[in-house]
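Q: I would like a close look at one part of a protein model. Please focus on how charged side chains pair up, and on what lies around them.

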Amino acid sequence: MSLWVVLTAVLIGLVIAFLGITALRAASGVGASREKQDVEDVEGLEVFLVCRECGTEFQVTRLGELQIPRHCGEPMDVVRRPKV
């Protein structure tokens, strides 16, 4: 085998390893700065989390870091209704 073939294969392997490690770090959130968000009162906005399966609804009254709950095993939909 030629020396250039070996060096090219090693270089390609290093590039693939670097890209893989970078992708894993980005996916795992390592090094991501998470600033604590202030809780905001949103009761007047009429925002609800609605389960598609059974129709269960939760009204969102305070908003911090939004994490949509799962009900009946399915994620809930965010629904905004006009105030009556």
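How many salt bridges does the structure hold?

A: The model is a predicted one. The structure holds 2 salt bridges. Side chains of opposite charge can pair when their charged atoms come close. Let us take each pair in turn.

Start with Asp77 and Arg52. Their side chains meet in a salt bridge, at 3.2 Å from N to O. Asp77 sits in strand β7, residues 77-80, while Arg52 sits in the loop between β2 and β3 (57-60), so this pair ties together parts that are 25 residues apart in sequence. How open are the two partners? Asp77 is partly exposed, with a relative accessible area of 29%. Arg52 is exposed, at 52%.

Now the other pair, Arg81 and Glu57. Here the side chains meet at 2.8 Å, N to O. Arg81 belongs to the segment after β7 and Glu57 to strand β3, so the salt bridge links parts that are 24 residues apart in sequence. Arg81 is partly exposed, with a relative accessible area of 31%. Glu57 is partly exposed too, at 39% relative accessibility.

Next, look at what touches these residues. Glu46 lies in the loop between β1 (40-41) and β2 (47-50). Glu46 counts as buried, because its relative accessibility is 19% and the cut-off for buried is under 20%. Leaving out residues up to four places away in sequence, Glu46 touches Gln59, Val79, Arg80, Arg81 and Lys83. Arg81 is thus a salt-bridge partner of Glu57 and a contact of Glu46.

Leu49 meets members of both pairs. Neighbours within four places aside, its contacts include Glu57 and Asp77. Thr56, Phe58, Val60, Pro69, Met76 and Val78 are also in contact with Leu49.

Leu49 leads us inward. In soluble globular proteins, nonpolar side chains tend to be buried together. In this model the largest nonpolar core has 6 residues: Leu49 with Val42, Val47, Cys51, Val60 and Met76. Two of these, Val60 and Met76, are on the contact list of Leu49.

Finish with Cys51, a member of that core. Cys51 is buried, at 2% relative accessibility. Is its sulfur bonded or unbonded to the one in Cys54? The closest cysteine sulfur to that of Cys51 is in Cys54, 3.8 Å away, which is too far for a bond. A disulfide needs the two sulfur atoms within 2.5 Å. Cys54 itself is partly exposed, with a relative accessible area of 43%. A search of the whole structure finds 0 disulfides.

Conventions
Residues are numbered from 1 along each chain as its sequence is written. This is a predicted model: local features need pLDDT of at least 70, side-chain atom pairs count only at pLDDT 80 or more; totals for chains, interfaces and linings use all residues. Side-chain values use heavy atoms; hydrogens and water are left out. Buried means under 20% relative accessible area, exposed over 50%, partly exposed in between (1.4 Å probe, protein chains only). Helices (H or I, at least four residues) and strands (E, at least two) are DSSP runs, numbered from the N terminus. Contact means heavy atoms within 4.5 Å. A nonpolar core is a set of buried Ala, Val, Leu, Ile, Met, Phe, Trp, Tyr and Cys residues joined through side-chain atoms within 4.5 Å. A salt bridge is a side-chain nitrogen of Lys or Arg within 4 Å of a carboxyl oxygen of Asp or Glu.
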